[in-house]
Amino acid sequence: MNVEFESLEKGQEVATRTVELSRADLVRYAAASWDFNPIHWNEPFATSVGLPNVIAHGMLTMGAAMQVVVDWAGDPAAVTDVQTRFTKPVVVPNAFGAEVEPSTTLSISAKVGALDPEARTARIDLTVTAPDLSDPGVARDAAPALKVLVKAQALVVWR
Amino acid sequence: MSVNPDVLGRTYPSIAPYQVSREAVRAFAAAVHAQAPVHSDLDAARAAGHADLVAPPTFAIIVAQKAEAAVVADPEAGIDFSRVVHADQRFTHHRAIVAGDELTAATTVDAVRAVGTGGMVTFRTEIVDPEGQPVSTALSSLLVRGEDQ
């Protein structure tokens, strides 16, 4: 473990990360996870089922968020329970110059939500936002941040 | 409602054994922007006391979704996959998944309820090793949008 249990305080922010996402990231996640639902890579299909655009896999957002906890703790085996609710889709517009470029950003913050000194566990609460790019007329920098996960929690055990 | 409540409580057949390869662990770790070396560097994983490369905590979704596919494909369940939205996900790990593991999994329909004209269905997938020892429990809730949702 990278961190001592005794050093933690409730409410403390332990890690932050921004993850830039491109359409290529969605294809890479599709291949790695075997989730080839076309709403994650085919824009005409996505809009035909009522979505504003191609959206990221919820599990990509969850995976990227939980990984912040794993990388902070240093040991994936210590992260024994992970959960989230998916509230808003992460829209990933098409963007390319010389190559496919990132078109949105996940902003991830991990805080100590609860500590159990007897069990030596910490519940890490994650806040994850992405710009609301559901309106193609709104620029990435001007788009309001949406909370895309709710009740995103990881339980970390010090053995 | 867009999910047949008759499938509540039903357990679907186990998937064929899934072999966890080092390259699958590396590819998944890269796809979720992992930085911890124990996902990709064998020496680092062994130095940290693991038998092999360690999978990220959400890697189990690969196996869980293979098992859940049996429900989605069941015509009696009546789930229109093009109208499915992932609502909720949880993994409770009984131990970490490492490269070299052989995993099987079976999905039980734990809950079905109406949400407007659509339905919410919750799958519980028990992931086990070849001896039947528990590895991970996955809970997935899917919202199947109704015609006007």
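Two strands are said to pair if DSSP finds at least two bridges between them. In the predicted model considered here, this criterion is met across the boundary between the two chains: strand E2 of chain A (residues 79-86) and strand E2 of chain B (84-93) pair in the antiparallel sense over five bridges. Within this pairing, A:Asp81 stands opposite B:Thr92.

The contact between the chains involves 27 residues of chain B and 30 residues of chain A. On the side of chain B that touches chain A, the elements that give two or more residues are helix H1 (22-31), helix H3 (61-72) and strand E2 (84-93). Of these, strand E2 of chain B gives the most, with eight residues. By residue class, this side of chain B divides into 16 nonpolar, nine polar and two charged residues.

Pairing is also found within chain B. Strand E1 (residues 18-19) runs antiparallel to strand E3 (residues 102-115), to which two bridges join it; here B:Gln19 has B:Glu102 as its bridge partner. Strand E3 of chain B is further joined to strand E4 (residues 118-128) by eleven bridges, again in the antiparallel sense. In this second pairing, B:Val115 stands opposite B:Gly118. Strands E3 and E4 of chain B form a hairpin with two residues between them, and B:Gly116, in the turn, has a positive phi of about 60 degrees.

According to an unreviewed UniProt entry, residues 9-137 of chain B are covered by the annotation "domain: FAS1-like dehydratase". This span is 22% helix and 32% strand, and its end C-alpha atoms lie 16 Å apart.

Methods: Residues are numbered from 1 along each chain as its sequence is written. Chains are lettered from A and ligands numbered from 1 in the order in which they are written. This is a predicted model: local features need pLDDT of at least 70, side-chain atom pairs count only at pLDDT 80 or more; totals for chains, interfaces and linings use all residues. Two residues are in contact if their C-beta atoms, placed from the backbone, lie within 7 Å. Helices (H or I, at least four residues) and strands (E, at least two) are DSSP runs, numbered from the N terminus. Ala, Val, Leu, Ile, Met, Phe, Trp, Tyr, Cys and Pro count as nonpolar, Asp, Glu, Lys and Arg as charged, and the others, Gly among them, as polar. UniProt positions are given in the numbering used here, feature names are shortened, and annotations may be inferred rather than shown by experiment.
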